Amino acid sequence: MVPDSRAARLISSFPITTENYPKAVEQLKLRFGREDLLVQIYVRDLLSLVLKNATTGKNAPDLATLYDMLETKLRALESLERTKEKFADFLKPLVESCLPENVLRAWERSRISESTEDATSQRSLEKLMCFLRHEVESEEIIRLAREGFGKDRGSGAIRKDCQKSVHKDEPTAATLISSTTGAKLNCIFCDRPHLSQDC
């Protein structure tokens, strides 16, 4: 028990005897194990995610965090025997409303591109969560590919190698273009208005 919590106060009201143990457990179940209240809590948590998505937009949690939160709530509802199959028609619109717009568009495109005859199986909650899991895995692979072996590792070495290979009197594509147009291009290394070879 968490000290000074309502549950701890309830337990401390029973004298510590063997006979009171089942009575204390029963009281805990009556007070804190009400399934109807727990279902309401998890559904309200899903609704709060919907509201956050509607109001915060760009400040919403990243997809991996959102997926973990959704999966946790759905697993909790399933443990209360509110299975995904029985309550999918109610829960799926809630989950869809939690998603950022770009992910929701990708979900709709994937659903349309599937060549399944059964329209209800295309839109099932299970398929939506599977799609989200694959999106999270894809984001992790993309992030890993972008970061490589470290954020700044390699980029400085590449830049130095590129600078060494370009000599002052050796023309580059950038110098050819800028000499024909008369405009200065931005450097490909630092994005400032000078030639890349001068960086």
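A residue counts as partly exposed when its relative accessible area falls between the buried class, under 20%, and the exposed class, over 50%. E137 has a relative accessibility of 34%, so this residue lands in the partly exposed class. The model discussed here is a predicted one, and its charged side chains make a handy place to start.

Five salt bridges turn up in the structure. One of them pairs E137 with R133, with the closest N and O atoms 3.9 Å apart. Both residues belong to helix α8, and because they sit four residues apart there, about one helical turn separates them. R133 has a relative accessible area of 34%, so R133 is partly exposed, and the figure for its partner E137 is also 34%.

Helix α4 has a bridge of its own, this time between E71 and R75. The closest N and O atoms of E71 and R75 are 3.8 Å apart. Once again the spacing is four residues within one helix, so E71 and R75 are about one helical turn from each other. As for solvent access, E71 is at 13% relative accessibility and therefore counts as buried.

A further bridge does a rather different job along the sequence. Here the side chains of D45 and K73 come together, at 3.9 Å from N to O. This pair ties together distant parts of the chain: D45 belongs to helix α3 (residues 35-56) and K73 to helix α4 (residues 63-79), with the two positions 28 residues apart. How do the two ends fare in terms of exposure, buried or partly exposed? D45, at 27% relative accessibility, is partly exposed, whereas K73, at 16%, is buried.

Some acidic residues show up in another setting. D62, D68, E139 and E140 cluster on the surface as a patch of negative charge. Patch members must have over 30% relative accessible area and take part in no salt bridge. E139 can be placed in helix α8, which covers residues 125-147. With a relative accessible area of 40%, E139 is partly exposed, so it clears the 30% bar for patch membership.

Then there are the cysteines. How many disulfides does the structure hold? The count is zero. For a disulfide, two cysteine sulfur atoms would have to lie within 2.5 Å of each other. C98 is buried, with a relative accessible area of just 3%, while C130 comes out as partly exposed at 28%.

The start of the chain deserves a look too. D4 lies in the segment ahead of helix α1, and its backbone is a bit of an oddity: phi is near 65 degrees, a positive value in a residue that is not glycine. In general, most residues other than glycine have a negative phi. D4 is also exposed, given its relative accessibility of 68%.

A little further on, I11 is part of helix α1, which runs over residues 6-12. At 27% relative accessibility, I11 counts as partly exposed. In sequence, I11 and M1 are ten residues apart, and their C-alpha atoms are 8.8 Å apart in space.

How values were computed:
Residues are numbered from 1 along each chain as its sequence is written. This is a predicted model: local features need pLDDT of at least 70, side-chain atom pairs count only at pLDDT 80 or more; totals for chains, interfaces and linings use all residues. Side-chain values use heavy atoms; hydrogens and water are left out. Patches are made of residues with over 30% relative accessible area and no salt bridge: like charges are joined within 9 Å, nonpolar side chains (Val, Leu, Ile, Met, Phe, Trp, Tyr) within 5 Å. Accessible areas come from the Shrake-Rupley method with a 1.4 Å probe; for residues, only the protein chains shown count as cover. A salt bridge is a side-chain nitrogen of Lys or Arg within 4 Å of a carboxyl oxygen of Asp or Glu. Lys and Arg count as positive and Asp and Glu as negative; His and the chain ends are not counted. The place of a charge is taken as NZ of Lys, CZ of Arg, CG of Asp or CD of Glu. Buried means under 20% relative accessible area, exposed over 50%, partly exposed in between (1.4 Å probe, protein chains only).
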